[in-house]
Amino acid sequence: MDQSLWNKVNNVDLLKEVSKGKEVIWINENLEKTDEAMKQIQITMANIDDAEARLARFAPFIEKVFPETKPQHGLIESPLTAIPHMQKQLEEEYQTIIRGRLFLKQDSHLAISGSVKARGGIYEVLKHAEDLALEHGKIKLTDDYSAFATPAFREFFSQFKIQVGSTGNLGMSIGIMSAALGFHVIVHMSADAKQWKKDLLRQRGAEVIEYNDDYSKAVEIGRKNSDADPSSYFVDDENSVTLFLGYAVAAKRIQKQFAEKGIVVDAEHPLFVYIPCGVGGAPGGVAFGLKQVFGDHVHVFFIEPTQAPCMLVGMASGLQNKVSVQDFGLSGQTHADGLAVGRASGFVGGVMKHLISGILSLEDYHLYDLMRDIVNTEDIFLEPSACASFWGPIQLKSKEIQAYIQEKGLSDVMQNATHIPWATGGSLVPAEIREEYMHTYLK
Ligand SMILES: *Cc1c(COP(=O)(O)O)cnc(C)c1O
């Protein structure tokens with residue numbers, strides 16, 4: 001990084017550590033009261049309600065086409081699971097005490113595409129399908145949307161294209177749902193995308209174009225091709241408000257799960273949430289929804305790999321998406337699928353500026369240790385990137401987060417806290433790949 005850039009950044013000392021590939025914890029000096037922060041943001045609870053209602057309209061279609069969603073009547077939602085054995089394991093292995101209770105949000109086990117992208121990605125495809133159907137007089141808002149599963153609708157959608165650039169999981173969500181509706185869907189896959197994800201997509205009827213380049217290149221070419229074609233719609237992972245709202249609905253759903261489980265969130269019962277971050281859409285959307293619902297009582301931390309901490313460098317430097325991890329001499333490469341992103345979304349960075357509590361980074365090898373821990377203690381399989389979420393509870397002991405807890409006046413109520421590592425993916429990983437992961441970076 002050239003000297004002139006160092007002169008422009010905040011948090012120079014911290015970013016020097018980041019540029020050496022060190023693990024860091026950044027606490028957001030710009031965190032504001034939620035009410036104040038929300039006044040500066042154009043997106044509202046009404047927008048989230050609208051997204052939730054749209055997903056409800058599509059539920060009869062989803063239930064019909066994806067029978068695995070039958071138990072939840074066509075809603076794509078994941079379990080919230082107490083993980084006391086994992087909590088004990090983390091406390092012993094990392095010599096810490098996690099005050100409060102640890103619950104896993106298993107977006108890893110979301111129906112249809114097995115990752116958090118089943119929220120935003122699928123939502124955006126459904127919204128586009130609905131827009132087209134309304135525009136062409138094929139449906140009314142009050143109709144039964146199982147009509148979308150009929151040959152007539154498939155025939156109608158076959159004249160339209162949907163395109164997306166992806167490192168894997170977003171492509172899976174967009175690809176599977178678009179193909180199910182009858183769209184011609186093209187997924188532009190970066191070089192790091194796993195072979196099994198490409199195979200699965202082709203099997204479901206998506207066209208997959210492979211690049212010998214990174215995510216940005218796949219997005220760039222995908223966008224260019226799509227823009228040149230009037231029948232084509234491009235899903236923009238970096239700037240899409242629609243995608244963001246699909247993720248945000250998670251907060252309303254978890255509110256219901258809390259009620260069922262008797263989990264209270266208030267001034268005496270803080271909620272701590274830890275979410276792995278790539279370009280920022282998924283963690284940003286979920287975090288935004290949580291702040292809308294739980295306000296100042298929820299504390300959201302993002303987790304990123306030490307070689308690809310794009311949101312961290314953007315936020316900590318104050319330069320947002322004007323800087324990339326490469327500007328700080330980092331490779332942008334990581335074992336963590338979905339997190340190998342060099343430059344964060346400027347849109348999400350702007351929304352999260354006064355809402356996020358902090359960002360932590362960790363080295364890749366921890367992901368495999370944590371993955372083995374959650375398999376061995378709770379018999380739950382997560383993909384390595386999702387395991388970044390456990391880094392939050394482990395680092396509660398750090399001086400940075402301890403200072404945060406004290407400053408927020410939470411020291412005396414942490415025994416009542418609910419901690420949620422947000423597990424972002426894993427259930428579709430094939431058995432032979434799981435086996436390979438179980439032996440990776442084994443000490
Ligand atoms: C995409 C993804 C993320 C991060 O989401 P972004 O919207 O890219 O920030 C985290 N974990 C997994 C498994 C993902 O697929």
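**Exercise 1.** In which loop does Ile112 lie?

*Solution.* Start with the ground rules. This is a predicted model, in which local features need pLDDT of at least 70, and residues are numbered from 1 along each chain. Helices (H or I, at least four residues) and strands (E, at least two) are DSSP runs, numbered from the N terminus. Ile112 sits in the loop between strand E3 (101-106) and H6. Next, look at its backbone: phi of Ile112 is near 80°, a positive value in a residue other than glycine. For context, most residues other than glycine have a negative phi. Finally, Ile112 has 6% relative accessibility, so it counts as buried (under 20% relative accessible area, 1.4 Å probe, protein chains only).

**Exercise 2.** Find the loop that holds Gln320, and describe this residue.

*Solution.* Gln320 is in the loop between helix H13 (310-317) and helix H14 (346-352). Its phi is positive too, near 45°. At 17% relative accessibility, Gln320 is buried.

**Exercise 3.** Check the span of helix H8 (residues 169-181).

*Solution.* The expected span is 1.5 Å times one less than the number of residues. For the 13 residues of H8 that gives 18 Å, and the end C-alpha atoms are 19 Å apart, which agrees. Now turn to burial: 13 of the 13 residues are buried, so H8 is largely enclosed by the rest of the structure. After H8 comes Gly182, with a positive phi near 105°.

Key:
Predicted model: local features only at pLDDT ≥ 70, side-chain atom pairs only at ≥ 80, totals over all residues. Heavy atoms only, no water. Buried < 20%, exposed > 50% of the residue type's maximum accessible area, 1.4 Å probe, protein only.
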